[in-house]
Amino acid sequence: MIDSTELETFHLPVSRIPKPESTGYINRHKNCYNENGIHQYDPVLFSNLKQSNFICDVCGHRYMRPSAWDYIDWMVDSGSFFEHEETKFIADKDILGFPGYIEKLKETRIKTGLLTAMITGDGTICGKKIVLCTTDFGFLGGSFCMSTGEKVWRAAQIAINKNVPMIIQACGGGARMHEGCSSMVSIPKALGLRL
Ligand SMILES: [Zn+2]
């Protein structure tokens with residue numbers, strides 16, 4: 001757990017959706033080659049790119065990896081998301097003294113605006129109440145760890161108590177190696193199993 005003063009130093013919505021120039025175009029991504037192997041350099045019309053879900057129509061490259069906040073914006077009614085006070089202050093712990101983990105966490109918190117790879121909260125979709133858990137791949141690959149297990153478990157308790165559906169937007173590169181077996185032990189917790 002961390003206190004609210006420390007949380008406020010970095011806890012801000014971060015978006016990774018590209019922004020168009022005033023012309024309505026954005027630069028084509030690097031290393032775009034067409035089917036004949038010819039390098040493409042021409043700018044891309046943003047409205048077309050948005051319509052194609054940010055996938056390059058020449059080579060299939062995706063222009064961005066959405067942040068947890070981008071998913072929140074897409075999934076719930078505008079302005080309806082409120083992070084759970086019960087999970088907001090749950091922080092990752094360096095229980096193994098893993099080299100460089102503390103520094104990596106500090107750096108990633110600033111980059112993503114998140115305390116952990118997952119954020120949970122209440123929201124509405126078309127006016128219906130839901131509990132939402134979203135993951136940010138930009139936070140150490142969205143890797144599953146102790147804080148994720150704890151947050152999913154607490155969010156599920158909230159959803160049960162309020163009798164509303166829970167939606168999990170999950171993306172991750174596996175269990176977090178910096179926390180060793182503790183990451184794996186948190187999996188049954190997220191599944192609602194008792195050890
Ligand atoms: Zn391309």
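Which residues have the most contacts inside the largest nonpolar core? They are Ile72, Phe81 and Ile119, in a core of 14 residues. I'll come back to that core. One caution before we go on: this is a predicted model.

Let's start with the whole chain. It has 195 residues, and 42% of them are buried. The secondary structure comes to seven helices and six strands. In sequence order, the pattern reads α-β-β-α-α-β-α-α-β-β-α-β-α. Take the C-alpha atoms along the principal axes, and they fill a box of roughly 55 × 45 × 35 Å. The accessible surface is about 11200 Å². Carbon and sulfur atoms account for 57% of that surface. Now contacts. Take those between residues at least 6 apart in sequence: 73% of them join residues at least 24 apart.

Back to the core. Nonpolar side chains tend to be buried together in soluble globular proteins. Here, the largest nonpolar core has 14 residues. Three elements give two or more residues to this core: α3 (68-75), α5 (101-112) and β5 (128-135). The largest share, three residues, comes from α3. Look at Phe81. Leaving out residues up to four places away in sequence, Phe81 touches Trp69, Ile72, Val76, Ile119, Thr120, Gly121, Asp122, Gly123 and Leu132. There is also a second, separate core, with nine residues. That second core includes Phe46, Phe54, Cys56 and Tyr63.

Keep Cys56 in mind. It takes us to the metal.

Which protein atoms are the donors of the zinc ion? His29 gives NE2, while Cys32, Cys56 and Cys59 each give SG. These donors lie 2.1 to 2.3 Å from the zinc ion. Their spacing along the chain is H-x2-C-x23-C-x2-C. Why is the arrangement called tetrahedral? Because the four donor atoms subtend angles of 98 to 119 degrees around the zinc ion. To count as tetrahedral, all angles must lie between 85 and 135 degrees.

So is Cys56 buried or exposed? Its relative accessibility is 5%, so Cys56 counts as buried. The cut-off for buried is under 20%. Cys59 has 36% relative accessibility, so it counts as partly exposed.

Last topic: the sheet. It is an open sheet of four strands, in the order β3-β4-β5-β6, and the pairing is mixed. β3 (82-83) and β6 stand at the edges, each with a single partner strand, so one side of each has no neighbour in the sheet.

Now walk through the pairs. Strand β4, residues 118-125, pairs with β5 in the antiparallel sense, over eight bridges. In that pairing, Met118 stands opposite Thr135 in β5. The hairpin of β4 and β5 has two residues between the strands. Cys126 takes a positive phi there, near 50 degrees.

How do β5 and β6 pair, parallel or antiparallel? They pair in the parallel sense, over four bridges, with β6 spanning residues 166-169. Two positions to find on screen: Val131 stands opposite Met166 in β6, and Cys133 stands opposite Ile168 in β6.

β5 is worth a second look. Six of its eight residues are buried, so this strand is mostly covered. β5 is also one of the elements that give two or more residues to the largest core.

To recap: the predicted model shows a core of 14 residues, a tetrahedral zinc site and an open sheet of four strands.

Conventions: Residues are numbered from 1 along each chain as its sequence is written. This is a predicted model: local features need pLDDT of at least 70, side-chain atom pairs count only at pLDDT 80 or more; totals for chains, interfaces and linings use all residues. Side-chain values use heavy atoms; hydrogens and water are left out. A nonpolar core is a set of buried Ala, Val, Leu, Ile, Met, Phe, Trp, Tyr and Cys residues joined through side-chain atoms within 4.5 Å. Buried means under 20% relative accessible area, exposed over 50%, partly exposed in between (1.4 Å probe, protein chains only). Contact means heavy atoms within 4.5 Å. Donors are N, O and S atoms within 2.8 Å of the metal (3.2 Å for Na, K and Ca); water is not among the atoms, so sites may look incomplete. Four donors count as tetrahedral if all angles lie between 85 and 135 degrees; four count as square planar and six as octahedral if opposite donors are over 155 degrees apart and all others between 65 and 115; anything else is irregular. Accessible areas come from the Shrake-Rupley method with a 1.4 Å probe; for residues, only the protein chains shown count as cover. Two strands pair if DSSP finds at least two bridges between them.
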